Amino acid sequence: MALLHSSSHFSTVQWTRSSHRISVTSRRRYCNVRSCLPLPMQNAKYRKELEAAIDVVQRACRICVDVKSSLLSADGQVLEKNDQTPVTVADFGVQALVSLELGNLFPSIPLVAEEDSTFLRANNLAHSVLTVVTEKSSSPNELTQDDVLEAIDRGANVAFAFGSKPATYWVLDPIDGTRGFLRGNDVLYVVGLALVVEGEIVLGVMGCPNWHRDLSEESNSEDLERGGVWSRSGAIMIAHAGSGTWTRRLSDIQSPSKMFHNWTRCFVDEYSLVREARFCIPDSQTWESLPPSTSLQATTNADQVGNGQILLLRTCCGSLCKYFMVASGRASVFILRARSQTIIKTWDHAIGMICVHEAGGKVTDWKGNDIDLAADQAGRRILSPSGGVLVSNGHLHDLIIEMTASTSSIV
């Protein structure tokens with residue numbers, strides 16, 4: 001079964017400004033309004049914050065593209081943190097840029113982000129980050145290394161504690177899937193940014209510079225897995241509470257002067273049978289480690305899914321690209337198991353959660369409870385979902401929870 005052909009089954013509506021008429025088309029929903037935002041979002045409550053988030057994520061993606069293009073020829077661009085997770089100058093550069101831009105626009109809203117400046121300070125690498133940030137910053141003043149280091153540490157909440165009350169803050173994952181960032185053009189990585197207001201996620205933006213857009217209705221599953229017939233124009237996905245999830249091409253990062261683009265509304269797929277669903281799991285886990293494996297085997301061959309099997313998609317790396325897959329209808333389920341030693345970080349999930357919700361999907365822990373963003377009252381950096389995280393198209397959610405509950409005790 002071809003992944004592309006199975007991603008949507010319902011008619012959609014196309015609106016064009018020139019004709020002001022409604023026509024029914026298949027597969028996609030377009031909004032050809034010449035605006036920075038899709039039509040339903042132009043009067044959204046957090047429109048200004050969303051526009052700022054889109055702008056800074058696009059510029060952050062440009063940092064990633066620029067750094068990656070020089071990755072193989074420049075010394076010192078690929079680094080490793082103490083936990084052996086590969087990270088790049090782009091990772092620190094993105095966090096510095098986003099922190100600086102949002103700090104200027106919304107100085108009262110704190111930032112929760114992945115990195116701190118300890119490694120850069122210890123290895124005298126602040127200048128490398130300063131260089132990539134300066135090229136993309138909108139600051140009228142000349143930036144210094146101290147500006148960059150302080151901006152990075154702002155995201156680490158070095159001297160900030162939230163407390164138990166509902167909080168308002170930005171959540172940033174500078175590069176989700178840094179291993180994918182280093183592994184080549186075919187492997188996805190995401191820059192993710194969300195805004196939480198009084199404990200509720202109200203908007204999310206994900207930029208994927210190498211997201212594959214299909215060019216052929218005749219693509220087979222092998223081609224899709226290799227990305228052989230897809231253009232690597234990239235994509236940006238946005239969501240706002242009550243206004244849906246939308247996406248468009250990110251190819252304008254090569255032409256910043258192009259401001260107006262078609263937005264495509266995203267919907268989760270409509271599969272309600274497990275045997276038809278397409279599953280994603282973390283790169284660090286195997287299907288056999290998950291409870292549903294006691295009754296279902298996994299295959300990665302989309303053309304030969306047999307009885308008692310599910311289709312497991314190869315989607316390296318990071319969690320946000322899996323949310324991107326579910327929200328766009330390219331995957332049905334993303335399931336993550338939280339073992340006792342597992343630390344689940346807020347930035348790996350918050351941005352994707354609103355994108356999936358607004359696309360019609362569902363995100364809970366393994367017991368069906370909403371994910372508590374305030375589980376870490378001091379820093380809002382760690383999540384504690386019971387059992388793990390389940391992301392789905394909604395149609396399969398209760399069924400998978402039942403499967404998980406009935407088998408988790410013996411797996």
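Among the contacts in the protein chain between residues at least 6 apart in sequence, 70% join residues at least 24 apart. That figure comes from a predicted model, as does everything that follows here. The protein chain holds ten helices and 22 strands, and buried residues account for 57% of its 411 residues.

Let us begin with a sheet. Six strands form an open sheet with mixed pairing, in the order β16-β17-β15-β18-β22-β20. Its edges are β16 (297-299) and β20 (362-365), each of which pairs on one side only. From one strand to the next, the twist averages 30°. Against this sheet packs helix α9 (residues 350-358), which touches β20 and β22. The direction of α9 makes about 130° with that of β20.

Now follow β22 itself, which covers residues 388-392. In the sheet order it stands between β18 and β20. On the β20 side, the two strands pair in the antiparallel sense over four bridges. Here Asp 365 has Val 389 of β22 as its bridge partner, and Lys 362 stands opposite Ser 392. On the other side comes β18 (residues 333-337), which pairs with β22 in the antiparallel sense over five bridges. Within this pairing, Leu 336 stands opposite Val 389. Val 389 is thus a handy residue to click on, since it links the two descriptions: it is the bridge partner of Asp 365 and it faces Leu 336.

Where do the side chains of β22 point? Gly 388, Leu 390 and Ser 392 point one way from the strand, while Val 389 and Val 391 point the other way. Both sets are buried. With five of its five residues buried, β22 is largely enclosed by the rest of the structure.

Helix α9, already met on the sheet, also has a helical partner. Two packed helices are described by the angle between their axes and the distance between the axes. For α8 (residues 320-327) and α9, the angle is about 5° and the axes are 9 Å apart. Angles under 35 degrees count as roughly parallel, and α8 and α9 are therefore roughly parallel to each other. From α8, the contact is made by Leu 320, Tyr 323, Val 326 and Ala 327. From α9 come Ile 351, Gly 352, Met 353, Cys 355 and Val 356. What is the character of this contact, in terms of nonpolar, polar and charged residues? Eight of its residues are nonpolar, one is polar and none is charged.

The cysteines deserve a look too. How many disulfides are there? The count comes to zero when a disulfide is taken as a pair of cysteine sulfur atoms within 2.5 Å. Cys 280 is in no disulfide, and the nearest cysteine sulfur to its own, that of Cys 321, is 7.2 Å away. Going the other way, the nearest cysteine sulfur to that of Cys 321 is the one of Cys 280, and Cys 321 is likewise in no disulfide. Cys 280 is buried, with a relative accessible area of 0%. Cys 321 is buried as well, with a relative accessible area of 1%.

Moving to another part of the chain, find Arg 121 in helix α3 (residues 118-123). This arginine is partly exposed, with a relative accessible area of 43%. Leaving aside its neighbours within four places in sequence, Arg 121 is in contact with Leu 149, Glu 150 and Asp 153. Its C-alpha atom is separated by 10.0 Å from that of Gln 145, a residue 24 places away along the chain.

Just past this helix is a backbone feature to check. Most residues other than glycine have a negative phi. Asn 124, however, has a positive phi, near 55°. Asn 124 lies in the loop between α3 and α4 (126-136), where it is exposed, with a relative accessible area of 70%. Glu 198 also has a positive phi, near 50°. This glutamate sits in the loop between β8 (190-197) and β9 (200-208). Is Glu 198 buried, exposed or partly exposed? Glu 198 is partly exposed, with a relative accessible area of 49%.

Technical notes: Residues numbered from 1 in each chain as written. Predicted model: local features only at pLDDT ≥ 70, side-chain atom pairs only at ≥ 80, totals over all residues. Heavy atoms only, no water. Pairing = 2+ DSSP bridges. Axes fitted to C-alpha atoms, helices over the stretch in contact; angles between N-to-C directions. Contact = heavy atoms within 4.5 Å. Parallel < 35°, antiparallel > 145°, perpendicular 65-115°, else oblique. Nonpolar A, V, L, I, M, F, W, Y, C, P; charged D, E, K, R; others polar. Buried < 20%, exposed > 50% of the residue type's maximum accessible area, 1.4 Å probe, protein only.
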